[in-house]
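Me: I would like to go through this model by questions and short answers. Please keep to what can be computed from the atoms.

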Amino acid sequence: LCGHREAPYPQYDRSGSGQYRGRRLSSEDRCARRCLCPAAGSLHGQGYHHRTLGNSVYHSAGNCIIETAKNSLIVGCKTSIIPTDGSIETIRANAFYDTGLASVTIPEGVKSLAGSAFANCKFTSVTLPESLETIGPYAFSGCSIKGKLVIPNNVTKIDTYVFSSCKKIESVVIGSGIIELPNNAFHGCTSVKRITILGEIQTVG
């Protein structure tokens with residue numbers, strides 16, 4: 001990993017400390033991360049091109065590594081810009097975890113955000129695309145999102161701890177596609193004063 005640490009998969013510490021516990025990346029994602037230098041916040045120039053020139057599996061765009069056939073963003077860094085050409089449908093687990101990403105635009109065409117995709121990032125606002133359908137566990141946990149959060153109507157599933165410890169969110173709009181609120185989706189969101197539910201919640205975890 002270019003001499004830097006592997007990114008863990010955050011899991012809530014049920015002892016109550018509120019800290020994360022780590023889990024290693026899959027072997028294929030570690031392989032992709034070898035092209036990235038997290039500390040420098042950019043793709044490793046010659047090292048990256050040497051490994052991916054003519055690569056039929058992965059390509060790069062906007063300082064992101066993408067699994068081409070699956071339209072899946074594997075890993076980014078603090079200077080990444082997610083491609084807006086419709087080529088990304090999935091943002092994989094841990095893709096931007098703890099990268100220091102301070103600004104993000106999630107483009108239309110993205111359908112799925114996997115576990116901890118943006119956990120512990122520094123951006124203060126995020127607009128979720130109307131194309132989005134599922135948001136995995138811890139996807140935005142520990143982020144610096146401020147003010148209002150809107151979950152679009154096409155989202156049909158959000159997972160546990162998805163926005164946990166986002167302490168600056170003040171209001172939440174939950175779109176009409178959500179019928180189940182999982183356990184601790186907004187755990188530790190201590191500034192939330194208002195939640196608007198546009199649909200009919202049938203189950204609260």
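Me: Are phenylalanine 163 and phenylalanine 186 buried or exposed?

Reply: This is a predicted model, in which local features need pLDDT of at least 70, side-chain atom pairs count only at pLDDT 80 or more, and totals for chains, interfaces and linings use all residues. Residues are numbered from 1 along each chain as its sequence is written, and side-chain values use heavy atoms, with hydrogens and water left out. Buried means under 20% relative accessible area, exposed over 50% and partly exposed in between, with a 1.4 Å probe and protein chains only. By that scale, phenylalanine 163 and phenylalanine 186 are both buried.

Me: How many aromatic pairs does a search of the whole structure find?

Reply: Rings of Phe, Tyr and Trp (its six-membered ring) pair if their centres lie within 6.5 Å; planes under 30 degrees apart count as stacked, over 60 as edge-to-face and the rest as tilted. With these limits, the number of aromatic pairs found in the whole structure is seven.

Me: Phenylalanine 118 and phenylalanine 140 form an aromatic pair; of what kind?

Reply: The ring centres of phenylalanine 118 and phenylalanine 140 are 5.4 Å apart. Both residues are buried. With 10° between the planes, the pair is stacked.

Me: Which parts of the chain does the pair of phenylalanine 118 and phenylalanine 140 tie together?

Reply: Strands (E, at least two residues) and helices (H or I, at least four) are DSSP runs, numbered from the N terminus. The two phenylalanines are 22 residues apart in sequence, so their pair ties together two separate parts. These are the loop between strand 9 and strand 10 (134-135), which holds phenylalanine 118, and the loop between strand 10 and strand 11, which holds phenylalanine 140.

Me: Why is the pair of phenylalanine 163 and phenylalanine 186 stacked?

Reply: The ring centres of phenylalanine 163 and phenylalanine 186 are 5.7 Å apart. The pair links distant parts of the chain, with phenylalanine 163 in the loop between strand 12 and strand 13 and phenylalanine 186 in the loop between strand 14 (180-181) and strand 15. The pair counts as stacked because the angle between the ring planes is 5°.

Me: Which residues form one aromatic cluster?

Reply: Both stacked pairs described above belong to it. The cluster consists of Phe96, Phe118, Phe123, Phe140, Phe163 and Phe186.

Me: How many disulfides does a search of the whole structure find?

Reply: A disulfide is counted as a pair of cysteine sulfur atoms within 2.5 Å. For cysteine 143, which is buried at 3% relative accessibility, the nearest cysteine sulfur is that of cysteine 121, 5.1 Å away. For cysteine 189, buried at 10%, the nearest is that of cysteine 166, 5.2 Å away. The number of disulfides found is zero.

Me: What is the strand order of the open sheet of seven strands?

Reply: Two strands pair if DSSP finds at least two bridges between them. In this sheet the pairing is mixed: strand 5 and strand 6 (residues 64-67) run antiparallel over four bridges, whereas strand 8 (residues 90-91) and strand 9 (residues 112-113) pair in the parallel sense over two. The edges are strand 5 (58-61) and strand 12 (157-158), each pairing on one side only. The order is 5-6-7-8-9-10-12.

Me: Which residue in strand 6 is the bridge partner of tyrosine 58?

Reply: The hairpin of strand 5 and strand 6 has two residues between the strands, and glycine 62 there takes a positive phi near 60°. Asparagine 63, in the loop between the two strands, also has phi near 60°. The strand 6 partner of tyrosine 58 is glutamate 67.

Me: Which strands stand at the edges of the open sheet with the order 11-13-15?

Reply: The pairing in this three-stranded sheet is parallel, and the twist averages 15° from one strand to the next (axes are lines fitted to C-alpha atoms, for helices over the stretch in contact; angles run from 0 to 180 degrees between N-to-C directions). Strand 11 joins strand 13 (residues 169-174) through five bridges. Each edge strand has a single partner, so one side of each is left without a neighbour in the sheet; the edge strands are strand 11 (147-151) and strand 15.
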